[in-house]
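Hi everyone, thanks for making time. I'd like to walk you through one protein model today, so have a look at the screen and we'll go through it piece by piece.

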Amino acid sequence: EKVKGFDLLLESMILLTAEKLDVHLDVVGGGEMEDWAENFIERKGLGRWVALQGKVDDSTLASLYATSDCVLIPSRSESIPLVFSEALRFNLDLIVTDVGDMGILGRDYGVAAVVPPADPKALKEAMKKKARSQKREQGRREELLKLFNIETSVERFLADYK
């Protein structure tokens, strides 16, 4: 969907591949932009660097997370997508746009590179920095993971509700 910023991600991949970096992007999920994305990737010659995985089952998703270095969330508008907490659980670095709560959490807990929304050049620069770095940013990941834990969340909710 347009709000997810997928088009911005592909624009940033054009910029990144022009710099001859060895990168690969797996895109998971589907939506109204699938046909557009396939045509764009073919038209721009991105097939070597970008693979559209479509909708995948849980084991395939887990495998993709396990073999990834980083998760990108280029949303134009979003609070906290599920992929954010999944990336934390798989101990993956994140690159997120500064929308909703993602930018705040990414910065405050030191778990994500945060870029302005709708800025393919800034996204490309963050991707380039990550591609050149082998260092994993830990920040306060464990503390943030506790916020996403359902049992902890329920306990906090009940404590606030009383």
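Let's start at E19, which counts as partly exposed because its relative accessibility is 31%, and the range for that label runs from 20% to 50%. Before I go on, please keep in mind that this is a predicted model.

So what does the side chain of E19 meet in a salt bridge? The partner is K124, at 2.6 Å from N to O. This pair ties together distant parts of the chain: E19 sits in the loop between α1 and β1 (25–28), K124 is in helix α6 (residues 120–132), and they are 105 residues apart. Is K124 buried or exposed? It's buried, at 9% relative accessibility.

Stay in helix α6 for a moment. E125 and K128 also meet through their side chains in a salt bridge, with 3.6 Å from N to O. Why can those two pair up along the helix? Well, they are three residues apart in α6, so about one helical turn separates them. E125 is partly exposed at 37% relative accessibility, while K128 is buried, with a relative accessible area of 15%. And here's the nice bit: salt bridges with shared partners join E19, K124, E125 and K128 into one network.

How many salt bridges are there in the whole structure? Ten. Another one of them is D7 with R76, where the closest N and O atoms are 2.8 Å apart. Again, distant parts of the chain get linked: D7 belongs to helix α1 (residues 6–17), and R76 is in the loop between β3 (70–73) and α4 (82–89), 69 residues away. D7 is buried, with a relative accessible area of 10%, whereas R76 comes out as partly exposed at 27%.

Now for some charges outside that story. E34, D35, E38 and E42 form a negative surface patch. E34 lies in helix α2 (residues 34–44), and at 38% relative accessibility it counts as partly exposed.

Next, a leucine. L105 is in helix α5 (residues 102–108), and it's buried, with a relative accessible area of 14%. Which residues does L105 touch, if we skip those up to four places away in sequence? The list is I80, F84, G110, V111, L144 and F148. Take L144 from that list: it is 39 residues from L105 along the chain, and the two C-alpha atoms are separated by 8.0 Å.

Let me zoom out to the whole protein. We have eight helices and five strands. Going along the sequence, the order is α-β-α-β-α-β-α-β-α-β-α-α-α. There are 162 residues, and 38% of them count as buried.

What about contacts across the chain? If you take the contacts with a separation of 6 or more, 64% of them are between residues 24 or more positions apart. As for the surface, the protein exposes about 9700 Å², and carbon and sulfur atoms supply 51% of that.

To recap, then: there's a salt-bridge network of E19, K124, E125 and K128, a D7 and R76 pair that links distant parts of the chain, a negative patch that includes E34, and a buried L105 in helix α5. That's my tour, thanks for listening.

Conventions: Residues are numbered from 1 along each chain as its sequence is written. This is a predicted model: local features need pLDDT of at least 70, side-chain atom pairs count only at pLDDT 80 or more; totals for chains, interfaces and linings use all residues. Side-chain values use heavy atoms; hydrogens and water are left out. A salt bridge is a side-chain nitrogen of Lys or Arg within 4 Å of a carboxyl oxygen of Asp or Glu. Helices (H or I, at least four residues) and strands (E, at least two) are DSSP runs, numbered from the N terminus. Buried means under 20% relative accessible area, exposed over 50%, partly exposed in between (1.4 Å probe, protein chains only). Patches are made of residues with over 30% relative accessible area and no salt bridge: like charges are joined within 9 Å, nonpolar side chains (Val, Leu, Ile, Met, Phe, Trp, Tyr) within 5 Å. Accessible areas come from the Shrake-Rupley method with a 1.4 Å probe; for residues, only the protein chains shown count as cover. Lys and Arg count as positive and Asp and Glu as negative; His and the chain ends are not counted. The place of a charge is taken as NZ of Lys, CZ of Arg, CG of Asp or CD of Glu. Contact means heavy atoms within 4.5 Å.
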